[in-house]
Amino acid sequence: MSEKKAFELTKKEEDFSRWFDEVLFKASILDERYPVKGLYVWLPYGYAIMENIMSVMERLLRETGHKRVYFPSIVPESTLSREFRFIKGFENTIYWITQVGLRKLDERLALRPTSEAIMYEVLSRWIKSYSDLPLRIYQIVPAYRYETKATRPMLRVREITFFKEAHTFHVTFEEAVEQVKLGVDIYKKFYDELLVPYIVVKTPPWDTFPGARYNYDLVTILPDGKALELGSVINFGDLFAKAYDLQYTDRDGKKKYVHTTSFGVSERSLASVIAIHGDNRGLVLPPKISPIKVVIVPIPFKGFEKEINNYASKVYSLVSSSYTCELDLIEDEKPGYKFYKWEMKGVPVRLEVGKSEVEEGSVTVFRRDIMERTRVSEEELLPYLEDLFEDMEEKMREKARRYFESMIVYVEDVESLKSSMQNKLVSFPWCGEKGCALKVEELTGYSMIGYEEDSLSGKSKGCIVCGKEAPHLAWMGRSY
Ligand SMILES: [Zn+2]
């Protein structure tokens with residue numbers, strides 16, 4: 001097979017869905033050939049990227065006082081069903097264990113769809129006094145939900161492999177409100193570091209998770225025009241605490257219910273990075289999360305092999321003192337093949353070292369994001385790379401911002417709403433009435449993604465349906 005053919009992709013702009021699947025496989029992220037539909041094997045390279053992504057998240061969580069825990073993945077039905085509203089959101093998607101060996105179980109056991117129920121039951125034994133609060137914990141574990149719609153790797157799955165769920169416990173509702181702001185802030189920083197653009201919206205009350213007081217979502221849009229929820233921050237108030245009898249003794253000696261929140265993200269974070277930054281050569285990874293920042297490819301020259309390899313090793317020692325670096329010495333792959341291979345994997349920088357570089361004491365630096373080459377002397381290489389990574393982040397952020405702006409549109413009347421909704425996220429002034437939102441859903445066939453509360457207040461905008469004063473900016477579109 002020719003070098004080019006092995007790494008050829010369907011054009012992203014022609015068929016995003018196919019492009020996405022092909023990239024996952026050819027860049028060695030996932031293997032979809034698993035005997036259970038909706039479950040995927042994570043390959044070493046994909047896993048390494050996810051580890052880097054999760055370590056960004058863990059740093060942000062640790063800096064804000066969240067501590068890592070582990071709760072088992074099996075939950076008894078009696079615990080899960082104590083709060084019927086809890087099961088309601090998941091009831092059709094829960095995996096049940098009903099039998100062990102030949103023996104039928106007296107009580108069904110569930111694989112965790114999320115961990116509120118089991119944590120609250122256990123924490124009702126940990127939390128005694130106001131001095132035990134606030135308590136902020138998180139875990140990164142698989143979560144099991146049997147997706148009933150057509151499955152898509154990373155986007156609609158039947159096992160969420162990297163489910164980061166944080167749960168927090170507070171003395172008052174006001175403190176939980178502050179925690180939700182903190183959760184949103186953590187997510188904003190997280191996606192800023194991943195160079196993924198987003199909107200932050202509040203879910204309308206009629207769509208809010210049963211048992212929650214309110215929640216915020218971070219949402220982006222993929223190149224096929226569908227909105228992707230990137231993470232959710234939920235304020236439960238004391239609703240769940242009441243169901244699980246989660247109480248503390250306050251300063252005045254009185255028993256009070258704990259106020260709780262939760263917020264989660266998953267491998268959809270990586271899906272958004274791939275979808276937004278990738279191109280027709282494959283992945284384009286932000287340097288911060290790329291498992292390999294620099295790859296060195298020696299360009300063989302007959303009779304000069306030893307000098308080139310020695311020089312490549314010297315460059316490798318230099319670069320690997322500062323960056324995760326790989327020296328590609330595979331003998332039976334031609335340089336052209338190696339170029340395509342590392343471009344597919346989205347490695348930010350490739351250094352090419354051949355005869356003329358050896359003679360000159362230089363390296364050819366190739367940057368993946370804009371596919372450009374420059375020659376740099378060996379002495380200048382490290383400071384050059386430092387500036388390059390910074391510039392790369394800046395350019396990728398800017399490109400993603402321009403992409404995002406091309407995918408969203410603001411309208412002020414129903415006619416332009418209908419004509420401009422094709423494959424975009426649409427925002428418009430909204431009075432806050434459910435009837436008006438449903439009317440727009442009916443007219444467009446799209447669904448409400450959420451709204452920016454009071455972001456138009458004082459701007460004298462009229463609701464797109466009823467014309468009344470519209471303090472909110474509503475967002476609609478198709479979604480995953
Ligand atoms: Zn209205």
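The domain assignment of the chain divides this predicted model into domain 1 (3-277), domain 2 (292-387) and domain 3 (408-479). Between domain 1 and domain 3, the C-alpha centres are separated by 28 Å, and the two domains touch through 12 residues of domain 1 and 16 residues of domain 3. Helix α13, which covers residues 381-406, gives the largest share of the largest nonpolar core, namely 7 residues.

**Overall fold and dimensions**
- The chain contains 15 helices and 23 strands, and 39% of its 480 residues count as buried.
- Taken along the principal axes, the box filled by the C-alpha atoms of the chain is roughly 85 × 60 × 50 Å.
- The radius of gyration of the chain is 26 Å, which agrees with the value near 23 Å for a compact globule, because that is the value given for 480 residues.
- Among the contacts in the chain with a separation of 6 or more, 67% are accounted for by residues that stand 24 or more positions apart.

**Where domain 1 touches domain 3**
- The contact between these two domains involves 12 residues of domain 1, set against 16 residues of domain 3.
- On the side of domain 1 that touches domain 3, the elements giving two or more residues are β9 (199-202), β10 (214-221) and β11 (226-237).
- Sorted by class, that side of domain 1 consists of 7 nonpolar, 2 polar and 3 charged residues.

**The largest nonpolar core**
- This core has 126 residues, and those with the most contacts inside it are V219, I296, V315, W430 and A474.
- Of the elements that supply this core, α13 provides the largest share, with 7 residues.
- Once its neighbours within four places in sequence are left aside, A474 is in contact with S427, F428, W430, A437, M448 and Y451; W430 is thus a contact of A474 and is also, like A474, listed among the residues with the most contacts inside the core.

**Helix α13**
- Helix α13 has 26 residues and reaches 37 Å from its first C-alpha to its last, which is close to the 38 Å expected at 1.5 Å a residue.
- The buried residues of α13 are L381, L385, L388, F389, M392, M396 and A400.
- These buried residues pack against two helices, α9 (268-277) and α10 (305-320), and against the strands β17 (349-353), β18 (362-367) and β19 (372-377).

Terms used: Residues numbered from 1 in each chain as written. Predicted model: local features only at pLDDT ≥ 70, side-chain atom pairs only at ≥ 80, totals over all residues. Helix = DSSP H or I, 4+ residues; strand = E, 2+ residues; numbered from the N terminus. Expected span 1.5 Å × (residues − 1). Buried ≥ 20, exposed ≤ 12 C-beta atoms within 10 Å, placed from the backbone. Contact = placed C-beta atoms within 7 Å. Core = buried A, V, L, I, M, F, W, Y, C linked by C-beta atoms within 7 Å. Domains from an automatic or database assignment. Nonpolar A, V, L, I, M, F, W, Y, C, P; charged D, E, K, R; others polar. Rg over C-alpha atoms; globule rule 2.2 N^0.38 Å.
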